[in-house]
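Please open the model in your viewer and keep the sequence panel beside it, since each stop on this tour begins with a selection.

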Amino acid sequence: MSDHPSSRDESVARVLAAFDGDVDAAVAALRQRAVTTEGERTAYATPAPRPTKPARPRTGRVIVEVTDLRKTYSIGRQRVQALDGVSLTIDEGEFVALVGASGSGKSTLLQLMGGLDKPTKGRIVIDGADIGRMRDGRLSTFRNKTIGFVFQFFYLQPFLQLVTNTEVPGMFAHERRANRRQRALGLIDQVGLSDRARHRPREMSGGQMQRAAIARALLNQPKLLLADEPTGNLDSATGASIIDLFERIRDERGTTIVMVTHDEDMAARADRLIRLRDGLIVPDPIGEIGGTTSPGVVPASAGEGEVVA
């Protein structure tokens, strides 16, 4: 028997390296692909699209454009390069998943897209506006009108009823109470929480609180919804129901959704997957073995994706 590693062994090694040696994460990703063997050749086939809908083509109308984005943090004398030259575009109405190991830069990228932090270098254009050039006051107003945020830990005010929690973005926008209340109640109904409108967060389950947080994020009718680990504190069934809700929001409202997640199963539900590692967009290990060569991009439902790199 030869001591030289086979091409299959090398492929497995590349997959494990891409997941920083995390076998569980690698196995979860590989389960998204079916293994077929023809003689000495092993191929990983793209999963069939969900039977309920065809793969979604990209619209070509760009809402997020990131160019040569870099972010460096200083911790004492140490400099940490969180992002090291990321460039990408995201179209209106896309549902995109950002995936990668802890420390890969995916949450930093999401925060910069949302104007919650400033880049060290590079350009971020959201809906035609260069947010890196905005002063704080203008950025705050732009963010409140254009971007909605959903976080892992909900951040609902514990002393407010659900309907009032949902109204909070409208308060910052100085909207009339009657108008924001009417829209809040409509959103609460759309996320399936009409019977909880007068309840406080402590009276709701984790899944209900995340639905409430999504309703709140949609109050000002944002064009872009940014979600940071929105299913991280939920069981798999409840997490899947949150992804169902995101799909409805995309389909019915045309909202662009960018989601950070560690969960490969949840990421596979998105229209497009962008993988980061060490602050860079990298080729997806599964797609690379199967023949997909676009850097860091896997069409999650058999549609094509693109990253400008």
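## A loop arginine

Begin by selecting R196, which counts as partly exposed because its relative accessible area is 22%, a value between the 20% limit for buried and the 50% limit for exposed. Bear in mind throughout that this is a predicted model. R196 sits in the loop that runs between α6 and α7. If you display its surroundings, leaving out residues up to four places away in sequence, you will find that R196 touches L162, E203, M204 and Q208. Add the side chain of D195, with which the side chain of R196 makes a polar contact at 3.3 Å. Then draw a distance from R196 to Q161: these two are 35 residues apart along the chain, and their C-alpha atoms are separated by 8.7 Å.

## Helix α6

Next, select residues 177–190, which form helix α6. At 1.5 Å a residue the 14 residues of this helix should span 20 Å, and the end C-alpha atoms are indeed 20 Å apart, so the expected and modelled spans agree. Which residues of α6 are buried? Colour R180, R181, A184, L187 and I188, as these are the buried ones; they cover an arc of only 130° around the axis, and therefore lie on the same side of α6. Turn to the other side of the helix, where A178 and Q182 are exposed. To see what the buried residues of α6 pack against, show α5 (162–172), α7 (206–217) and α8 (236–253). Just after α6, stop at G192, whose phi is positive, at about 80°.

## The nonpolar cores

From here, move to the largest nonpolar core, which has 36 residues, and select F95, I214, F246, I249 and M259, the members with the most contacts inside it. The elements that give two or more residues to this core are β5 (95–99), α5, α6, α7, β9, α8, β10 (256–260) and α9 (264–267). Centre the view on F246 and set aside its neighbours within four places in sequence: F246 is then in contact with F95, I214, L225, A227, P230, I257 and M259. A second core, separate from this one and made of 30 residues, includes L69, L88, I131 and M134. As a general background to such views, nonpolar side chains tend to be buried together in soluble globular proteins.

## Strands β8 and β9

Now select residues 147–151, strand β8, which is mostly covered, with four of its five residues buried. How many bridges join β8 to β9? There are five, and the two strands run parallel. To place one of these pairings on screen, select I147 together with its bridge partner in β9, L224.

## Two positive phi values

Finish with two residues other than glycine that have positive phi. E229 has a phi near 50° and is found in the loop between β9 (224–228) and α8. Is E229 buried or exposed? With a relative accessibility of 10%, E229 counts as buried, because the limit for that class is under 20%. Then select D68, where phi is likewise positive and near 50°. D68 lies within strand β3, residues 62–75, and at 26% relative accessibility D68 counts as partly exposed.

How values were computed
Residues numbered from 1 in each chain as written. Predicted model: local features only at pLDDT ≥ 70, side-chain atom pairs only at ≥ 80, totals over all residues. Heavy atoms only, no water. Expected span 1.5 Å × (residues − 1). Buried < 20%, exposed > 50% of the residue type's maximum accessible area, 1.4 Å probe, protein only. Arc of directions from axis to C-beta. Contact = heavy atoms within 4.5 Å. Core = buried A, V, L, I, M, F, W, Y, C linked by side-chain atoms within 4.5 Å. Polar contact = N/O pair within 3.5 Å; in protein donor to acceptor, adjacent residues only side chain to side chain. Pairing = 2+ DSSP bridges.
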